[in-house]
Each structure stands twice: as C-alpha cells, then as structure tokens.
Amino acid sequence: MFGLFGGRKSKRMPREGEGAEPGLFAGGRNMALKLPPHQYEETLRFYRDTLGLPVTVMADGVPVVEFGPMRLWLDRSESVSRSELWLEVVAENAADAEEALAAADVVRCDTIEPLPSGFRGFWVMSPANVVHLVAEPGQDSSEED
C-alpha cells in the first residue's frame, strides 16, 4: 500500500524495551523554521504570497504561518547559515519528561536559545540533530498583534 507521496505507508512500530510511560509525550502544534537573513524575506513571500497561506505577525514581530493544523514560526536567525526545522513536544509534566529523557540519554541543549523566565520546558536534540522544545501545554511565549 502506498501513501500520498508514492512511498509505502508505514505501520506504527511497537516500542522496544521499556520506553516512556504512555501519554507522557505528544507532538506539539508549533514548528520553527530558523532562517539565515539571506533566506528570510524570500521564504516569508513563498508561504504568504506564492502558497497563499495565512500569516499572523506576533507581538514580537515573528510571522507565524497557519500550516494546516500546525503553526510554522519563521524565525530570522543570525546564528544559522542554512535553514533548520525545530519541533515542539508537549509533556503534561516537564519534570517527569526531563527524568524520562535523561534516563534515555537524550542530549539536552538548553543554551541553544533562552526560554522565558518561569517557562516549564527545556531544549533537547534528537539523534538526527533536530532541536525539540519539550514544554508543558499552553505556554506560547508570544501573543498576536
């Protein structure tokens, strides 16, 4: 059986060994596309003008693309030379998540970007070097203009 893009449809793989407790983690709604300055404006125009997707500018000036059920934050970043996709993982309890990820030897990378004071979450890196924000639900740090 083949999926939308011509590849085989995958079946959900069972977990090996003892992983995190079921329900501890869920995929978040937010994705951040970290863009070098030379790609920023053209990328914004691509999503807004070429694809015609709705874009909301947040109070901090960051445009957010409504990407189906997801929100794609277009972050201009002086510290990257090529685009990077960062993902959000929601954890009902950040302390429990921290403990489970530490037990699995997941790499923390909290210095990658500061989080607001009192924010209940932290940064980790997947084995494929994808940055993930692990955070409790309902903590969007920006408000719409």
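Mentor: A polar contact is a pair of N or O atoms within 3.5 Å, where one must be able to donate a hydrogen and the other to accept it. Please keep in mind that this is a predicted model, with a chain average pLDDT of 86 and 82% of the residues scoring at least 70.

Trainee: What makes the approach of the Glu 136 side chain to the backbone nitrogen of Ala 94 a polar contact?

Mentor: The side chain of Glu 136 reaches that backbone nitrogen at 3.0 Å, and because the cut-off is 3.5 Å, the pair falls within it. Ala 94 is also listed among the residues in contact with Glu 136 beyond four places in sequence, together with Ala 91, Glu 92, Asn 93 and Arg 120.

Trainee: Why is Glu 136 called buried?

Mentor: Its relative accessible area is 17%, and since buried means under 20%, the term applies to Glu 136. This residue lies in the segment after strand E8, which spans 131-135.

Trainee: Why is the pair of Arg 120 and Glu 136 called a salt bridge?

Mentor: The closest N and O atoms of Arg 120 and Glu 136 are 2.5 Å apart, and the rule asks for a side-chain nitrogen of Lys or Arg within 4 Å of a carboxyl oxygen of Asp or Glu, so the pair qualifies. The two residues link distant parts of the chain, with Arg 120 in the loop between E6 and strand E7 (121-125) and Glu 136 in the segment after E8, 16 residues apart. At 41% relative accessibility, Arg 120 counts as partly exposed, because that value lies between 20% and 50%.

Trainee: How do you know that Arg 108 and Glu 98 tie together parts that are apart in sequence?

Mentor: Arg 108 forms a salt bridge with Glu 98, the closest N and O atoms being 2.7 Å apart. Arg 108 lies in strand E6 (residues 107-108) and Glu 98 in helix H2 (residues 94-103), so their pairing ties together parts that are ten residues apart in sequence. Both are partly exposed, Arg 108 with a relative accessible area of 37% and Glu 98 at 36%.

Trainee: What makes Glu 78 exposed, and which residue is its salt-bridge partner?

Mentor: Glu 78 has a relative accessible area of 63%, which is over 50%, so Glu 78 is exposed. Its partner is Arg 76, with the closest N and O atoms 3.5 Å apart, and Arg 76 is partly exposed at 48%.

Trainee: How many salt bridges does the rule give?

Mentor: The count comes to eight.

Methods: Residues numbered from 1 in each chain as written. Predicted model: local features only at pLDDT ≥ 70, side-chain atom pairs only at ≥ 80, totals over all residues. Heavy atoms only, no water. pLDDT = per-residue confidence, 0-100. Helix = DSSP H or I, 4+ residues; strand = E, 2+ residues; numbered from the N terminus. Buried < 20%, exposed > 50% of the residue type's maximum accessible area, 1.4 Å probe, protein only. Contact = heavy atoms within 4.5 Å.
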